[in-house]
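Please read the following report alongside the sequence and the coordinates, which are shown first.

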Amino acid sequence: MARILVLHGPNLNLLGRREPGIYGRTTLGEIDRDLARLAAADGHQLESWQSNHEGELVDRIQDAPATFDGIIINPGAFTHYSLALRDALAAVRLPTVEVHLSNIYAREDFRHHSVVAPVALGQISGFGAYGYTLAYLALRQVLSSPKEGA
Ligand code: DQA
């Protein structure tokens, strides 16, 4: 059984009514419910959590290794400048998948750079809410593969 932590950064609590042309009409509650169902069907544990506060996200990442095997994170705007989030992910070294609903490379220049990407296993960007399902499938695969050298 794998234990997965899903972290959503600032403003993602507004999904559904926040710039729906860019982020879609699916709410965060719907995304979290679908992920929980997927994980339960696989016999995995999954917990989702959203915060608008950088320090709270850092705290959750620091605490994660005690309870979780992997992380799915949409850091929101923190993606582009939060070295604190990046350092926290690098410190805990849990397998991490970065998700963005929008294609950050097709938007404003300041969104083209992710400071989180170098410490993530990989990034999924541009597939809307379905990106979370893709991230779950990717992380599930990684967590079920035998560790190298084991
Ligand atoms: C986002 C992209 C970020 O640039 C933006 O600040 C967000 C959402 C996305 O999911 O597409 O808040 O991470």
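The report covers the ligand site, the nonpolar cores and a few individual residues.

The model is predicted, so local features need pLDDT of at least 70 and side-chain atom pairs count only at pLDDT 80 or more, while totals for chains, interfaces and linings use all residues. Residues are numbered from 1 along each chain as its sequence is written, and side-chain values use heavy atoms, with hydrogens and water left out.

## Ligand site

The ligand is surrounded by Arg18, Tyr23, Asn74, Gly76, Ala77, His80, His100, Leu101, Ser102, Ile104 and Arg111, where a residue counts as near if one of its heavy atoms lies within 4 Å of the molecule. This shell divides into 4 nonpolar, 5 polar and 2 charged residues; in this scheme Ala, Val, Leu, Ile, Met, Phe, Trp, Tyr, Cys and Pro count as nonpolar, Asp, Glu, Lys and Arg as charged, and the others, Gly among them, as polar. The table lists polar contacts, that is, pairs of N or O atoms within 3.5 Å, for which, within protein, one atom must be able to donate a hydrogen and the other to accept it, and residues adjacent in sequence count only if both atoms are side-chain atoms.

| Residue and atom | Ligand atom | Distance |
|---|---|---|
| Ala77, backbone N or O | oxygen | 3.1 Å |
| Leu101, backbone N or O | oxygen | 2.8 Å |
| Arg111, polar side-chain atom | oxygen | 2.8 Å |

Taken alone, the ligand exposes 320 Å², and the protein buries 99% of that; accessible areas come from the Shrake-Rupley method with a 1.4 Å probe, and for residues only the protein chains shown count as cover.

## Nonpolar cores

In soluble globular proteins, nonpolar side chains tend to be buried together. A nonpolar core here is a set of buried Ala, Val, Leu, Ile, Met, Phe, Trp, Tyr and Cys residues joined through side-chain atoms within 4.5 Å, with buried meaning under 20% relative accessible area, exposed over 50%, and partly exposed in between (1.4 Å probe, protein chains only). The largest such core has 21 residues, and Ile4, Ile72 and Tyr132 are those with the most contacts inside it. At least two residues of this core come from each of β1 (3-8), α2 (28-41), β4 (96-100) and α5 (130-144), and the largest share, 5 residues, is supplied by α5. These elements are DSSP runs, helices (H or I) of at least four residues and strands (E) of at least two, numbered from the N terminus. Apart from this core lies another, of 17 residues, including Val58, Phe68, Val92 and Val116.

Not counting residues up to four places away in sequence, Tyr132 touches Val6, His8, Leu12, Ile31, Leu35, Ile72, Asn74, Val99 and Leu101, contact being defined as heavy atoms within 4.5 Å.

## Individual residues

Leu5 belongs to strand β1 and counts as buried because its relative accessibility is 0%. Its contacts beyond four places in sequence are Glu47, Arg60, Ala64, Phe68, Gly70, Ile71 and Ile72; the C-alpha atoms of Leu5 and Phe68 are separated by 6.3 Å, although the two residues are 63 apart along the chain.

Ser82 sits in the loop between β3 (70-74) and α4 (83-92), and its relative accessible area of 0% is why Ser82 is classed as buried. A polar atom of the Ser82 side chain lies 3.0 Å from the backbone nitrogen of Leu85, and outside its neighbours within four places in sequence Ser82 is in contact with Glu54 and Val115.

Ser102, one of the residues around the ligand, is placed in the loop between β4 and β5 (122-125) and is buried, with a relative accessible area of 7%. The side chains of Ser102 and Arg107 are joined by a polar contact of 2.9 Å. Beyond four places in sequence, Ser102 is in contact with Ile22, Tyr23, Arg107, Ser125 and Gly126.

Two residues other than glycine have a positive phi: Asn11, at about 75°, and Arg93, near 55°. Asn11 is found in the loop between β1 and α1 (20-23) and counts as partly exposed at 35% relative accessibility, whereas Arg93 lies in the loop between α4 and β4 and counts as exposed at 72%.
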